[in-house]
Amino acid sequence: QVQLVESGGGLVQPGGSLRLSCAASGGVFSINIMGWYRQAPGKQRELVATISTRGRANYADSVKDRFTISRDNAKNTVYLQMTSLKPEDTAVYYCNADLLMYGGAWLQAWGQGTQVTVSS
């Protein structure tokens, strides 16, 4: 069974930092694009950052210069280092990945979400 398991969310004060992790497991041969999205209450899910297999990163304007996405291909894991956090960063953060499964099928998978709350 394919799983994307996220960790690292929590409560942090404005200006603080958090690091999110997301590990893929369950019959995964390789992973193409990996990314993070977020959804705040009453808002649509939005892109935060994506990263290619070779490490090329793409960021939403709202998080540029504050967030850094990275990945460890050997561990099928993607990370999101978040610094200078603002209250408007408060949301549920979701991991997303384009998975190539053993057997040749491609699957787009989502994690269960992890809550990030920025508040004093």
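How many aromatic pairs does the structure hold? The structure holds two, and I shall describe both before turning to the sheet, the core and the salt bridges.

First, a word on the source. This is a predicted model, in which local features need pLDDT of at least 70, side-chain atom pairs count only at pLDDT 80 or more, and totals for chains, interfaces and linings use all residues. Residues are numbered from 1 along each chain as its sequence is written, and side-chain values use heavy atoms, with hydrogens and water left out.

Let me begin with the aromatic pairs. Rings of Phe, Tyr and Trp (its six-membered ring) pair if their centres lie within 6.5 Å; planes under 30 degrees apart count as stacked, over 60 as edge-to-face, and the rest as tilted. One pair is formed by phenylalanine 29 and tyrosine 102, edge-to-face, at 5.3 Å centre to centre and with 75 degrees between the planes. This pair links distant parts of the chain, for phenylalanine 29 belongs to strand β4 and tyrosine 102 to the loop between β9 and β10 (106-110), 73 residues apart. Strands here are DSSP runs (E, at least two residues), numbered from the N terminus. Both phenylalanine 29 and tyrosine 102 are exposed, where exposed means over 50% relative accessible area, buried under 20%, and partly exposed in between (1.4 Å probe, protein chains only).

The other pair consists of tyrosine 37 and tryptophan 110, also edge-to-face, with 5.1 Å centre to centre and 65 degrees between the planes. Here tyrosine 37 lies in strand β4 and tryptophan 110 in strand β10, again 73 residues apart. Tyrosine 37 is partly exposed at 22% relative accessible area, and tryptophan 110 is partly exposed at 36%.

I now turn to the sheet. An open sheet of four strands runs in the order β1-β3-β8-β7, with antiparallel pairing; two strands pair if DSSP finds at least two bridges between them. Because β1 (3-7) and β7 stand at the edges with a single partner strand each, one side of each is left without a neighbour in the sheet. From one strand to the next, the twist averages 15 degrees, taken between lines fitted to C-alpha atoms, with angles from 0 to 180 degrees between N-to-C directions.

At one edge, β1 pairs with β3 (residues 18-25) over five bridges in the antiparallel sense, and valine 5 stands opposite alanine 23 in β3. At the other edge, β7 and β8 pair in the antiparallel sense over six bridges, with aspartate 72 opposite threonine 77 in β8. The hairpin of β7 and β8 has four residues between the strands, and asparagine 76 takes a positive phi near 50 degrees there.

In a regular strand the side chains alternate between the two faces of the sheet. For β7, the covered face carries Phe67, Ile69 and Arg71, and the uncovered face carries Thr68, Ser70 and Asp72.

Next, the interior. A nonpolar core is a set of buried Ala, Val, Leu, Ile, Met, Phe, Trp, Tyr and Cys residues joined through side-chain atoms within 4.5 Å. The largest such core has 31 residues, and Trp36, Leu80, Met82 and Tyr93 have the most contacts inside it. Elements giving two or more residues to this core include β3, β5 (46-51) and β11 (114-118), while β9 provides the largest share, six residues. Leucine 80 touches residues including Leu20, Trp36, Val48, Phe67 and Tyr93, not counting residues up to four places away in sequence; such contact means heavy atoms within 4.5 Å.

Finally, the charged residues. Side chains of opposite charge can pair when their charged atoms come close. A salt bridge is a side-chain nitrogen of Lys or Arg within 4 Å of a carboxyl oxygen of Asp or Glu, and the whole structure has four. One of them joins aspartate 61 and lysine 64 at 3.2 Å, N to O; aspartate 61 is exposed at 65% relative accessibility, and lysine 64 is partly exposed at 42%.

Another joins arginine 66 and aspartate 89 at 2.7 Å, N to O. Arginine 66 lies in the loop between β6 (57-59) and β7 (67-72), and aspartate 89 in the loop between β8 (77-82) and β9 (91-101), so the pair ties together parts that are 23 residues apart in sequence. Arginine 66 is buried at 10% relative accessibility, and aspartate 89 is buried at 1%.

Glutamate 46 and arginine 38 also meet in a salt bridge, at 2.7 Å, N to O. Here glutamate 46 is partly exposed at 36%, whereas arginine 38 is buried at 6%. To close, Arg38, Glu46, Arg66 and Asp89 are linked in a network of salt bridges.
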